[in-house]
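Visitor: I would like to learn how to read a model like this one. Please take me through it feature by feature.

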Amino acid sequence: MTADLFSPTKLGSIALKNRIAMAPLTRNRAGQGNVPQLINAEYYAQRASAGLLITEATPISATAHGYPATPGIHDSEQVEGWKQVTAAVHAKGGKIVLQLWHVGRISHPSLQPGHALPVAPSAIKPAGQAFTYEGLQDFVTPRALSIEELPGIVADYARATQNALDAGFDGVEVHAANGYLLDQFLRDGTNHRTDEYGGSMENRTRLLLEVTKAVVEVAGADRVGVRISPLNPFNDISDSNPQALFNHVADSLNPFGLAYLHVVEGGMGGDNLPAFDFAALRRHFHGSYIANLGYDKAKGNAAIASGHADVVAYGALYIANPDLVARFQQDAPLNAPDHATFYGGDAKGYTDYPTLQG
Ligand SMILES: Cc1cc2nc3c(=O)[nH]c(=O)nc-3n(C[C@H](O)[C@H](O)[C@H](O)COP(=O)(O)O)c2cc1C
């Protein structure tokens, strides 16, 4: 029988009851101290019929933050808060991994400890504005990290991974997508370094590989995924040769034997994207592959039937459809997402989307 979205599978050691994943979605509804609340547990538990839930991007340290009310994984209160989430998801038979996040330059001094400058591979200011507690404010020119600081960042990823395991997560996903710190190192639009972390593709991939190694040492490769977005211009990022770079990234990740590679197969905003062959990228990676961006039920089933993807992640559809699996199974109509309540607020547009049962 051909596999489809409803067939069980395994990503590393994580057993999935179906191949439908909830994509990581920042929702800015953590409580004081960036601690997950009961409402966050309710939100994730409502979606526990997915084969895999990937949490919203979760800052690994105080300097990793770049948005208001994003739940962290760097102190004990946050770990306690996340325990409510994992327990609620597991009680409903779901699986959940935490997305490990450092925003790099996509931040603002008002969100940084001591109002310091955000950090980045190079001192290049992003175009655009940061979301802060005081509203939108222009991005600033970040401070380039010294080479001596990089082991400390790798150690923050390792500590955050241990915290995630302590909080009861089934695994972690390294966020190397969407213009945040690891992606800023990967792509040459944002990485102008002249040391061994800049210049060649090998050098620009070095920090991602060091982080992946450290995270794998804590969690085991069979519980670690990596997310990349080769074309996404989001957060003012670009690369002069994305196909070569990300084929190299996939090749370099192979020796770890990761649970999965998760690929955002296009751009969020911005036209005129360079040509990119995602099937070729997929062939470079020897493990399981999660495909994302613009999938619906038919495209998801086609990607699985053709062997392109092992699992398909849904973003916007999961915001609005807590019972997406049942709706796909029954070919039921889908709720439309309310963009006004994506980022921040309360239960409205968060935990109040109706299921088929009402
Ligand atoms: C409200 C919102 C928040 C998002 N937050 C994250 C995030 O925290 N981490 C991440 O890697 N991607 C994030 N994304 C991107 C989604 O994971 C996904 O790649 C995107 O929505 C495309 O998938 P879709 O077409 O199924 O919606 C976010 C997208 C949206 C709409």
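Visitor: Let me start with one residue. Is Pro-151 buried or exposed?

Guide: First, a caution: this is a predicted model. Now the idea. A residue counts as buried under 20% relative accessible area and as exposed over 50%. Pro-151 has 54% relative accessibility, so it counts as exposed. It lies in helix α3, residues 150–166. You can also place Pro-151 against a distant part of the chain. Pro-151 and Ala-279 are 128 residues apart along the chain, and their C-alpha atoms are separated by 34 Å.

Visitor: What does Asp-138 count as at 48% relative accessibility?

Guide: The value falls between the two cut-offs, so Asp-138 counts as partly exposed. Its place is in strand β8. Leave aside the neighbours within four places in sequence, and Asp-138 is in contact with His-108, Gly-128 and Gln-129. Asp-138 and Thr-190 are 52 residues apart in sequence and 18 Å apart in space, C-alpha to C-alpha.

Visitor: Which strand does β8 pair with, and in which sense?

Guide: To read a pairing, look for the bridges and the direction. β8 covers residues 135–138, and four bridges join it to β7. The two strands run antiparallel. Then look at the connection: β7 and β8 form a hairpin with two residues between them. For one register point, Ala-130 stands opposite Gln-137 in β8.

Visitor: Now a parallel case. Which strand pairs with β12 in the parallel sense?

Guide: Strand β12, residues 260–264, pairs with β13 over four bridges. Val-263 stands opposite Ala-291 in β13. β13 also has β14 as a partner: three bridges join them, and they run parallel. There, the bridge partner of Asn-292 is Ala-313 in β14.

Visitor: Which way do the residues of β13 point?

Guide: Read a strand by its two sides. In β13, residues 289–292, Tyr-289 and Ala-291 point one way. Ile-290 and Asn-292 point the other way. All of them are buried.

Visitor: On to helices. Which residues of α8 are buried?

Guide: List the buried positions, then look down the axis. In α8, residues 297–305, the buried ones are Lys-297, Gly-300, Asn-301, Ala-303 and Ile-304. Seen down the axis of α8, these buried residues fall within an arc of 160°, so they line one face of the helix. The cover over them includes β14 and α10.

Visitor: What do the buried residues of α1 pack against?

Guide: Use the same two steps: list, then look for the partners. Helix α1 spans residues 38–46, and its buried residues are Asn-40, Ala-41, Tyr-43, Tyr-44 and Ala-45. They pack against β3, β4, α2 and β5.

Visitor: Back to single residues. Is Thr-9 buried or exposed?

Guide: Thr-9 has a relative accessible area of 17%, so it is buried. This residue is found in strand β1, residues 9–11. Contacts give the surroundings. With neighbours within four places in sequence left aside, Thr-9 is in contact with Ile-14, Ala-15, Leu-16, Arg-19, Asp-310 and Val-311.

Visitor: What should I check in the backbone? What is the phi of Asn-178?

Guide: Look at the sign of phi, and at whether the residue is a glycine. Asn-178 is not a glycine, yet its phi is positive, about 60°. Its place is in the loop between β10 and α4. At 7% relative accessibility, Asn-178 counts as buried.

Another positive value belongs to Asp-331, with phi near 50°. This residue is found in the segment after α10. At 58% relative accessibility, Asp-331 counts as exposed.

Visitor: Last, pockets. How many residues line the largest pocket?

Guide: Take volume, lining and chemistry in turn. The largest pocket has a volume of about 780 Å³. Its lining has 34 residues. Nearest its centre lie Pro-24, Leu-25, Asn-178, Met-268 and Tyr-343. Asn-178 is thus the loop residue with the positive phi.

Visitor: Which elements supply at least two residues each to that lining?

Guide: They are β5, β7, β14 and α9. The chemistry comes last: the lining divides into 22 nonpolar, ten polar and two charged residues.

Conventions: Residues numbered from 1 in each chain as written. Predicted model: local features only at pLDDT ≥ 70, side-chain atom pairs only at ≥ 80, totals over all residues. Heavy atoms only, no water. 1 Å grid on protein atoms, 1.4 Å probe; cavity = no way out; pocket = protein on both sides within 12 Å on 5 of 7 lines; lining within 4 Å. Points joined across faces, edges and corners; volume = space filled by probe spheres on them. Nonpolar A, V, L, I, M, F, W, Y, C, P; charged D, E, K, R; others polar. Pairing = 2+ DSSP bridges. Buried < 20%, exposed > 50% of the residue type's maximum accessible area, 1.4 Å probe, protein only. Arc of directions from axis to C-beta. Contact = heavy atoms within 4.5 Å.
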